[in-house]
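I opened the notebook to look up two things: how a chain divides, and where its parts meet. My notes follow the order in which I looked.

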Amino acid sequence: MNEPHRPAADLLVTGADLAGSGRGDLLVSGSRIRAVGPEATEAAEGMGEGLARLDADGMVALPGLVDLHTHLREPGREDSETIASGSRAAAVGGFTAVHAMANTTPVTDTAEAAERVYDLGRRAGYVDVLPVGAVSKGLAGGELAELGLMARSRARVRLFSDDGKCVHDARLMRRALEYVRAFGGVVSQHAQDPQLAGPSACAHEGELSGRLGLPGWPAVAEESIVARDVMLARHTGSRVHIAHVSTAGSVEVIRWAKAQGIAVTAEVTPHHLMLDCELLSTYDPVYKVNPPLRPSSDVQALRGALADGTIDVVATDHAPHVRADKEHAYADAAFGMLGLEQALSVVSTAMVQTGMMGWADVARVMSIAPAAIAGLPEHGQPLQPGAPATLTLVDPTRPVVVDAAHSQSLSRNNPWHGRPLTGAVHLTMLRGLVTAREGLAWGAQS
Amino acid sequence: MKHLLSMADLSREEILAILDTAATMHEVQHREVKKLPTLRGRTIINFFFEDSTRTRSSFELAGKWMSADTINLTGKGTSVSKGESLRDTVKTIDAMGVDMMVIRHMASGAPATIAQWTNCSIVNAGDGTHEHPSQALLDAYTMRARLGDLEGRHVALVGDLAHSRVLRSNLICLRTLGARVTLVAPPTLMPSGIGPWSEGDGFATSYDLDDVLPSVDAVMMLRVQRERMSGGYFPTAREYAVTYGLTTARLAALPGHAVIAHPGPMNRGLEISGEAADAAQSLVLEQVSAGVAVRMSILYHLLSGEAMSA
């Protein structure tokens, strides 16, 4: 597939701010970081011809980004995305590991299905593709899928989710939370009470949905499930992860639960950190996403919660769709928007440029914490000697105007098109291999 | 004015111009030979993605009486799974060189979205639970015919407001014409966000029909679908009729000059009693009759090339 993309046996990255902790050189040897800071500079001095140099002055080096929530669409909808194309988009976005959601056709609810996704990810080679296992067979919400066999498979599944659907049966949720403890798994809940927000619900329930005549998706449909699940986590002593938190009320519940010592973690998407429901006033289907965009007061609450650690991670919910599935009336169009390629720029703009977070915090919410939640030993490691050379170089002040046409994804449902953002991924490295540079995945056509 | 997508697109002056032209058209409607040459050579597609008898026949007659070539299309099931996108469907028709599409669609906002994809004029003939502008214009026309200027008049809109496109268009139209508006429904059938909405737009809401009726100049009863009961919006038809129906007993509470409107189809015995529907104050048949004239006026103002000065 690729041209060889190992830059050299040894690479000295010079002058980068190392995850917000100060400037220093970083010496990469093979797939590992060999030395950092003055030791790296010193060790490089004696290396002569074989040493390549990368001037990263003014840039920030982060441990490679980890996405807990990605839709790669393969198998089943390879017209909208494949594991290879989604992997390239991920690499361009600074990611080195992505978790491929289970709502494919067929569903990832067996060890065989999980291994196929895992192997296709290995073959593509841009990022580590970790399959998410379905909680219930066929995402039907009835019986548990073979969680243990998926965990024991070559794919080592640790994250389980019926994403797209809520595990709404309280008993099934309870059993899943208990069962995955045997192998250190975690259930990621798509919190949406199907009685309060059915399949037609597509706009934040409020004045705007009233005026537009769009079926409302009330905040309480999310918050009531979050409340129930943190209580189930307390009762079972298990971990629960809340996917794409979208409301201030959910934040309050999670904050309370963490104060009680309940093992809950939570994610927020880039779009819920930046876009609000007023965008729906033109019925543009590109802004149709589940959970829906919320009022700006929720956006502010989510930013605050990410900054203070109530929300642990940013996860993209990258959801590619072909044009024909989006070019409908708003209510009929598919849910979801792209996210992998712009996630870092959005977080930089919404959180760093606003002074709410520093780059060390970005490293935490986009790499360290998601890797810890998913149990990935080779990701989210501090940039220290001996750690995998899995990292992302960010140009923190570069202005970006997003062009939807310029994308590694096979789809173009990009809500960021035409928007000015600040901060961009410069280079992505996975175990010493450069997987993307300046918006281009290695070996991909520009 | 190229499209009629929402009542919010129209100023007070534009609404009055459409209503004045409609009065002229209404006279034509009662002639033996109804045909006007005004839109000869223009092509109008009535594209109805959702069933409709009254609105579609009304638009079709309006087009024919103005000598336009009209074609009716039905587009069932624009579902994502079918393969063809809505964009492809309407661009195909647009490419044939039509002048106007009159769109009825089950999805709110569909006409506005279609207007972005096509070159022809788009008329919203009812979109989901969003708007139904031509209905609001004919309602205003009929109320004005009995009551005169609606400025300062008090109009109550009663019924399943949450799911009513007629409500949204009438609310905007009546407010633009300066009427005082009160929405009456049980809390479960009020639109989402009605609190801030009513505050922002300056209209009232009430859960008590008997409290509102004595002060109205017009009361518009909106259809309540019986299937709403299964959604838990109200307990029984009996309870709804007793609390929010325009019963025969409530007729007596109406001021003598007040009129009763209903956009149809009526559920006699649920939101309106037979006596109320057929009472002397009832506008129901006049609404249907005015429907064609008002739609002729809409077609005229959008297609005749005469720019409407705002």
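Which domains does the domain assignment give for chain A? I am working from a predicted model. The assignment lists domain 1 as 10–61 + 386–402 + 415–441. It lists domain 2 as 64–374. I noted that domain 1 is written in three pieces.

Next I looked up the spacing. The centres of domain 1 of chain A and domain 2 of chain A are 28 Å apart, taken over C-alpha atoms.

Then I turned to the contact between these two domains. Domain 1 of chain A puts in 26 residues, and domain 2 of chain A puts in 27 residues. I checked which elements supply the domain 1 side. In chain A, β16 (391–401), β17 (420–430), β18 (433–437) and β19 (440–441) each supply at least two residues there. β17(A) gives the most, with seven residues. I also sorted this side of domain 1 by class. It has 16 nonpolar, nine polar and one charged residues.

My last look-up was the contact between the chains. How many residues does each chain give to it? Chain A gives 21 residues and chain B gives 24 residues. On the chain A side, α6 (207–212) and α11 (323–326) are the elements that give two or more residues. α6(A) gives the most, with six residues. By class, I wrote down nine nonpolar, six polar and six charged residues for the side of chain A that touches chain B.

Conventions. Residues numbered from 1 in each chain as written. Chains lettered and ligands numbered in written order. Predicted model: local features only at pLDDT ≥ 70, side-chain atom pairs only at ≥ 80, totals over all residues. Domains from an automatic or database assignment. Contact = placed C-beta atoms within 7 Å. Helix = DSSP H or I, 4+ residues; strand = E, 2+ residues; numbered from the N terminus. Nonpolar A, V, L, I, M, F, W, Y, C, P; charged D, E, K, R; others polar.
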